[in-house]
Amino acid sequence: MSVTAATSPVVGSFHPCRRSARSAALPRLRMTVRSTAVSVTPLVTELRKDCATPLPLLRHVADAMAADMRAGLAVEGGSDLKMILSYVDSLPTGNEKGLFYALDLGGTNFRVLRVQLGGKEERVIATEFDQVSIPKDVMFGTSEELFDFIASGLAKFAQNEGNKFHLPTGTKREIGFTFSFPVKQTSVDSGILIKWTKGFSVSGTAGRDVVACLNEAMERLGLDMRVSALVNDTVGTLAGARYWDDDVMVAVILGTGTNACYVERVDAIPKLQDHASSSGSTIINTEWGAFSNGLPLTEFDRDMDAASINPGEQIFEKTISGMYLGEIVRRVLLKMAEADALFGDSILEKLSTAFVLRTPDLCAMQQDTSDDLQDVGAILYNVAGVESNPSARKIVVEVCDTIVKRGGRLAGAGIVGILQKMEEDSKGVIFGKRTVVAMDGGLYENYPQYRTYLSEAVTELLGDDSAKNVVIEHSKDGSGIGAALLAAANSKYHSYDS
């Protein structure tokens with residue numbers, strides 16, 4: 001999953017949209033701003049029109065997603081979608097037994113987790129996890145320094161195994177390694193780092209196998225553990241959900257960034273050569289953030305994209321994910337303030353700052369049900385530095401809803417595109433039975449309107465009968481335990497009955 005910003009703001013994960021510290025405990029604002037509803041209405045009408053997602057448009061997006069998936073599976077570079085082979089052919093079944101670890105490196109912290117599995121009867125017997133902050137100098141140091149630091153944190157965590165955890169005799173501890181940086185996967189337990197992102201600038205790793213780097217660091221410490229699965233967070237989410245529900249076929253992350261993966265038949269991947277899968281299927285990481293076909297874009301989207309560090313790339317992600325929704329709304333409000341004095345004579349310095357308005361702010365404003373929208377006024381004043389009257393606040397909420405509705409409905413169309421592609425290849429496999437889409441990410445979890453719009457789009461596209469069989473299920477933080485489960489499913493010891 002790729003996440004990039006138009007500038008270099010500090011952007012954390014998407015947090016719940018309850019009244020945040022940015023708006024809580026603010027004084028009841030009394031503002032005198034002249035009414036602006038009439039003059040701004042044409043801009044709102046135009047925005048609504050440009051962001052509209054009627055059924056024919058959603059159908060086109062779903063069809064284009066399916067077509068791009070096929071093109072990406074046919075040949076490397078065949079479409080905007082990379083359709084990356086995960087080499088995960090064995091998914092958890094519930095039969096797995098033993099002690100397994102997960103290591104999640106995807107930002108300024110890394111997380112370690114252990115799980116004791118008890119097979120079909122006992123399932124997850126115990127779990128423990130810890131989180132370690134990575135110092136700045138390590139993020140800018142050498143490859144050896146980074147992986148030695150990670151191995152050291154892993155070793156400390158492993159030393160504190162309680163009596164709930166037992167390693168089967170004759171085995172060593174195995175790890176599922178979630179590595180959320182651009183990697184060219186070469187097998188289920190190896191992958192070449194393409195480049196560092198997310199503020200890391202570690203020398204000596206690009207072009208190397210990241211699993212080998214970690215294994216070497218563990219050897220230097222005398223830590224007797226091995227990586228048996230290298231996965232990205234979306235694949236981990238699918239595996240974590242599949243452990244509990246055999247009908248899970250797709251996983252989608254909708255948070256700060258976005259991505260999707262799904263279970264694909266090996267014989268439906270023309271670009272795949274010389275890869276034998278015991279199950280006949282594998283997980284494909286779509287990297288769907290790069291999709292761009294037929295999306296309803298506005299001048300504000302185009303301006304934001306042009307100002308970004310990757311113009312023309314990740315257009316779907318820039319339209320539907322948590323990092324960008326707030327910035328699109330900010331650009332709309334700034335134009336309304338400059339052209340039509342939406343906020344009266346307010347100074348627009350803060351509102352002119354890129355990424356000052358975040359998606360959790362939009363969410364909080366959309367939850368305000370008071371008559372005069374006091375919470376909306378407080379957020380606008382405290383976050384964007386502008387004063388507003390109730391009429392202006394209503395317009396702000398309408399702008400938020402317009403952008404969020406487009407994002408949620410397009411995400412829904414993307415999901416249907418994946419399901420559609422799978423159904424076309426194997427009639428009845430998807431729409432003829434119960435099919436589960438596992439969802440993770442703070443945007444989906446915490447933004448009720450976004451969730452509703454996504455669900456409505458899926459139902460509209462599939463029709464009531466088929467939609468009844470498609471279950472969209474929240475799988476909170478499934479990627480962590482999912483990586484440990486993939487370590488178990490791909491264990492070299494196979495200490496359980498498959």
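Modeller: pLDDT is the predictor's confidence in each residue, from 0 to 100. The structure above is a predicted model, and the mean pLDDT of its protein chain is 88, with 91% of the residues at 70 or more.

Biologist: What is the pLDDT over residues 2–14, and how many contacts beyond four places in sequence does the model have there?

Modeller: The pLDDT stays under 50 over residues 2–14, a stretch with 38 such contacts in the model. Residues 18–38 also have a pLDDT below 50, and this stretch has 43 contacts beyond near neighbours in sequence. Where pLDDT is low, the predicted coordinates should not be read in detail.

Biologist: What makes F110 and F149 an edge-to-face pair?

Modeller: Rings pair if their centres lie within 6.5 Å, and planes over 60 degrees apart count as edge-to-face. For F110 and F149 the centres are 6.1 Å apart and the planes stand at 85°, so both conditions are met. The pair links distant parts of the chain, with F110 in strand β3 and F149 in helix α5, 39 residues apart.

Biologist: Why is F110 called buried, and why is F149 called partly exposed?

Modeller: Buried means under 20% relative accessible area, and partly exposed lies between that and 50%. F110 has 0% relative accessibility and therefore counts as buried, whereas F149, at 23%, counts as partly exposed.

Biologist: Why is the pair of W196 and F200 described as stacked?

Modeller: The ring centres of W196 and F200 are 5.4 Å apart and the planes lie at 20°; planes under 30 degrees apart count as stacked, so the pair is stacked. W196 is buried because its relative accessible area is 12%, and F200 counts as buried at 6%. Both residues belong to one aromatic cluster with F177, F179 and F181. The count of aromatic pairs comes to 12.

Biologist: How do you know that R242 has no salt bridge?

Modeller: A salt bridge requires a side-chain nitrogen of Lys or Arg within 4 Å of a carboxyl oxygen of Asp or Glu. The nearest side chain of opposite charge to R242 is D246, at 4.6 Å, so R242, although buried, has no salt bridge. R242 is placed in helix α7, residues 233–244. Leaving aside neighbours within four places in sequence, R242 is in contact with L91, P92, V248, M249 and V263.

Biologist: What makes β6 and β7 a strand pair?

Modeller: Two strands pair if at least two bridges are found between them. Strands β6 (residues 183–187) and β7 (residues 190–193) run antiparallel and are joined by 4 bridges, so the criterion is satisfied. S187 has S190 in β7 as its bridge partner, and the two strands form a hairpin with 2 residues between them.

Technical notes:
Residues numbered from 1 in each chain as written. Predicted model: local features only at pLDDT ≥ 70, side-chain atom pairs only at ≥ 80, totals over all residues. Heavy atoms only, no water. Buried < 20%, exposed > 50% of the residue type's maximum accessible area, 1.4 Å probe, protein only. Lys, Arg positive; Asp, Glu negative; His and termini not counted. Contact = heavy atoms within 4.5 Å. Phe/Tyr/Trp six-rings, centres within 6.5 Å; stacked < 30°, edge-to-face > 60°.
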